[in-house]
Amino acid sequence: MAASTLSSLRFAWLEITALCNEFCDHCYADSSPQGTHGSMSVPDWVDVVDQLADMGVLDVQFIGGEPTLHPGLPKLIEHAHRRGLGIEVFSNMTHIREPLWHAFQRYGVKLATSYYSDAPGEHDQVTRLRGSHKKTRDNVRKALQLGIPVRGGVVAVREGQRVQEAARDLVSLGVPQVGGDRTRAFGRAGKGDSPTVKNLCGHCAQEKCAIGPTGDMWPCVLGRFLTMGNVRTTSVAEAWTGEKAAKVTAEITAVHGSGVQSCTPPQFLPMCGPCGPCVPSVGHCDPQEASKLADGA
């Protein structure tokens, strides 16, 4: 079982920081301007990238927090490219320095971003960062002009939110893929409630894992309450095939069933292409509900 599990790891979220210049109420990672880069150093992350490449991982996504705030991101992008990994950076796209633009272009980086409304005031109310809508929109346009691929994700966080208009606005800028999801009760979005496996999509730990700023490994970025190990005290492969990982996988399977689910929230996972009913209509992406719709239930 350990060998087959190991061979199936194909994608990893690398959450390199908990620092973010925005303070969204629905942030599953509880990131904020008070966040830190954690205890993982740049050499630690370089080592993780090496281990993932040696395991046959195909793609990594640098995420946060806001990964563009981490001074080591250009070096990590360069190293991941050197090791042959596909690279995506999930960013709010409000704080992209010129060296990062060069790195994105030189190393074939793809970008993904969250977008909440076509109305600047509504978007800024969600992010709690004045002017964030303009900065994000301007940088989406700049990325596309530079030939850098961009995906958009619209999360429905408030009743009456202009999610459809937000999706159409991104499409009008030239963003070819816009996904949608509902708010999931993790981090600040949980409003004090304990996170549950039921609120996950069910695809967690299927060919993927996430590694956080302190080295903890999780089945996905939302499943951060399910620790599979820590890469500062053990290898990525040992954590991926260990008893804790097996227990986490069993816990998810007990709730969501066995087998790879039909889809995952596309705003988080670059390996996922457009699939109904999520794209281009901005509803929410939920594998179990998608299966019911496909079966005519």
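## Two aromatic residues on one helix

W101 and F104 both sit in helix α4, which covers residues 98-106. They are three residues apart, about one turn of the helix. This is a predicted model. Both residues are shielded. W101 has a relative accessibility of 1%, so it counts as buried. F104 is also at 1% relative accessibility, so F104 counts as buried too. The cut-off for buried is under 20%.

## The aromatic pairs

How many aromatic pairs does the structure hold? There are two. In one of them, F11 meets W13 edge-to-face. Their centres are 5.0 Å apart, and the planes make an angle of 85 degrees. F11 and W13 are both buried.

W101 and F104 form an aromatic pair as well. This pair is edge-to-face, with 6.0 Å centre to centre and 85 degrees between the planes.

## Helix α3 beside helix α4

Helix α4 has a neighbour. The axes of α4 and helix α3 (residues 73-82) come within 10 Å. They cross at roughly 10 degrees. Angles under 35 degrees count as roughly parallel, so α3 is roughly parallel to α4.

Which residues of α3 and α4 meet? From α3 come L73, P74 and I77. From α4 come L100, A103 and F104. The contact has six nonpolar residues, no polar residues and no charged residues.

Helix α3 also holds H79. Is H79 buried or exposed? Its relative accessible area is 12%, so H79 is buried. Leaving out residues up to four places away in sequence, H79 touches V46, V49 and D50.

## The nonpolar core

The largest nonpolar core has 73 residues. Those with the most contacts inside it are L14, V60, F62, I77, F104 and L111. Which helix gives the most to this core? Helix α2 (residues 42-54) does, with seven residues.

L14 shows what such contacts look like. Setting aside neighbours within four places in sequence, L14 is in contact with W45, V48, V49 and L52. Its other contacts are V60, Q61, F62, I63 and I211. Two of these residues, V60 and F62, are also on the list of those with the most contacts in the core.

## Helix α6 beside helix α7

Now take another helix pair. Helix α6 covers residues 132-145, and helix α7 covers residues 163-173. Their axes come within 10 Å and cross at roughly 35 degrees. On the α6 side, the contact is made by H133, R137, V140, R141 and L144. On the α7 side, D169, S172 and L173 take part. By class, this contact has three nonpolar, two polar and three charged residues.

K134 also lies in helix α6. Its relative accessibility is 56%, and the cut-off for exposed is over 50%. K134 therefore counts as exposed. K134 and T94 are 40 residues apart in sequence. In space, their C-alpha atoms are 8.4 Å apart.

## The whole chain

What secondary structure does the protein chain have? It comes to 10 helices and nine strands. The chain has 297 residues, and buried residues make up 52% of them.

Contacts also link distant parts of the sequence. Consider contacts between residues at least 6 apart in sequence. Of these, 70% join residues at least 24 apart.

Terms used: Residues numbered from 1 in each chain as written. Predicted model: local features only at pLDDT ≥ 70, side-chain atom pairs only at ≥ 80, totals over all residues. Heavy atoms only, no water. Phe/Tyr/Trp six-rings, centres within 6.5 Å; stacked < 30°, edge-to-face > 60°. Buried < 20%, exposed > 50% of the residue type's maximum accessible area, 1.4 Å probe, protein only. Helix = DSSP H or I, 4+ residues; strand = E, 2+ residues; numbered from the N terminus. Axes fitted to C-alpha atoms, helices over the stretch in contact; angles between N-to-C directions. Parallel < 35°, antiparallel > 145°, perpendicular 65-115°, else oblique. Contact = heavy atoms within 4.5 Å. Nonpolar A, V, L, I, M, F, W, Y, C, P; charged D, E, K, R; others polar. Core = buried A, V, L, I, M, F, W, Y, C linked by side-chain atoms within 4.5 Å.
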